[in-house]
Amino acid sequence: MDAYQSVGIQRRMRRFFRRDGRALIFAMDHGFEHGPTDFEPVWEHIKPHTIVRKVVRAGIDGVMMLPGMARLAADEVKGDRGLMVKLTSKTSLRPKDGKLLQSQLGYVEDAVKLGADAIAATVYWGSPAEDVMMRQFAEIAGYAHDLGFPVVQFAYPRGPYITEKYGRKEDYRVVMYGARAAAESGADMIKTYWTGSRETFAKVVDAAAGVPVLLSGGAKTENPVDFLKVVYGVVEAGGAGAVVGRNIFQRENPEPMIRALLRVIHRNEEPEEAAKAEGII
Ligand code: FBP
């Protein structure tokens, strides 16, 4: 017989993942992490209700926000959609030497009070502040698991040694190391970078040892099909979908883009086919 907590974790995971084990989650912590300028391409999306209403209407599986934004806009994350509350972040106003740390800005209790279905925290593996983020994650995960909440790790390898040794933080050897570290530190879902090819991303998925791996969207691509191709590569590699911010809210018309992403993720449609079906090319 499962412990009560395991049942809670499984039930809450299902609020993000469909029967196919895949999910498309909207990320909206950019006003804090990058600053409001991220919304300048489509300024009306600075209003949380406006953009969250659009993404939910288009059929998104879940929404990720920081606690204060969840307080303002979680009422738009209707019914069966998952709400993921992230408890760590940093502003881009910090001096350079603080940029490799995400600090805790809320507590597991806050996420529970907000009605979260999952709790997230970032670890910059390889950062000089890795130790602080590991402890934060361990504390958050331990408490969240006790209460029956799944925990998501944004496993982002970053730091001077990585750049020195591998050149780029998206080198698959580094990304798969981060994914492995996330699985070994108790994550129930992992969010990480695209490694550039299906073959290398498949290794990241293997390294995660069965813990679902989601793509971290990245900067908006000029051509929407280019982003759909990345997401197609992720699912072909065995990835569990994507957590996407800028490639949704920086588009004038986010809804057809979301529907095209859902076609790729949940129906295995080819990127061009999905884009054509939604009229974005
Ligand atoms: P995007 O799809 O816009 O990349 O959003 C995903 C995300 O992880 C956000 O949650 C976060 O604000 C941002 O990317 C972090 O970006 P950076 O690479 O600058 O740390």
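Reader: Which residues come nearest to the ligand?

Author: Happy to start there. In this predicted model, H30, H34, Y156, K191 and G218 come nearest, out of 16 residues around the ligand.

Reader: What makes the pair formed by H30 and the ligand a polar contact?

Author: An N or O atom in the side chain of H30 is 2.7 Å from an oxygen atom of the ligand. The cut-off for such a pair is 3.5 Å, so this one qualifies as a polar contact. R158 passes by that rule too, with a polar side-chain atom 2.9 Å from a ligand oxygen. In G218 it is a backbone N or O atom that lies 2.7 Å from an oxygen atom of the ligand.

Reader: How much of the ligand's area does the protein bury?

Author: The protein buries 88% of the 470 Å² that the ligand exposes when taken alone.

Reader: Let's turn to R251. Why is R251 called buried?

Author: Its relative accessibility is 10%. Buried means under 20%, so R251 counts as buried.

Reader: Where is R251, and which residues is it in contact with?

Author: R251 sits in the loop between helix 11 (246-249) and helix 12 (254-267). Leaving aside neighbours within four places in sequence, R251 is in contact with V42, H45, K220, T221, E222, P224, R246 and M257. The side chains of R251 and N247 are also joined by a polar contact of 2.8 Å.

Reader: What separates the C-alpha atoms of R251 and G79?

Author: A distance of 25 Å, with the two residues 172 apart along the chain.

Reader: And T200: why is that residue counted as buried?

Author: The same kind of check applies. T200 has 17% relative accessibility, which is under the 20% limit, so T200 counts as buried. T200 belongs to helix 9 (residues 198-207).

Reader: What does T200 contact?

Author: Outside the four places in sequence on either side, T200 is in contact with Y172 and T195. Its side chain also makes a polar contact of 2.8 Å with the side chain of S197.

Reader: Which residues have the most contacts inside the largest nonpolar core?

Author: They are L24, F26, V55, I60, M84 and M189, in a core of 91 residues. Helix 10 (residues 224-236) supplies the largest share of this core, eight residues.

Reader: How do you know that I60 is in contact with L24?

Author: Contact means heavy atoms within 4.5 Å, so the pair I60 and L24 has heavy atoms within that limit. Beyond neighbours within four places in sequence, the other contacts of I60 are I25, F26, V55, R81, I248, I258 and L262.

Conventions
Residues are numbered from 1 along each chain as its sequence is written. This is a predicted model: local features need pLDDT of at least 70, side-chain atom pairs count only at pLDDT 80 or more; totals for chains, interfaces and linings use all residues. Side-chain values use heavy atoms; hydrogens and water are left out. A nonpolar core is a set of buried Ala, Val, Leu, Ile, Met, Phe, Trp, Tyr and Cys residues joined through side-chain atoms within 4.5 Å. Buried means under 20% relative accessible area, exposed over 50%, partly exposed in between (1.4 Å probe, protein chains only). Helices (H or I, at least four residues) and strands (E, at least two) are DSSP runs, numbered from the N terminus. A polar contact is a pair of N or O atoms within 3.5 Å; within protein, one must be able to donate a hydrogen and the other to accept it, and residues adjacent in sequence count only if both atoms are side-chain atoms. A residue is near a molecule or strand if one of its heavy atoms lies within 4 Å of it. Accessible areas come from the Shrake-Rupley method with a 1.4 Å probe; for residues, only the protein chains shown count as cover.
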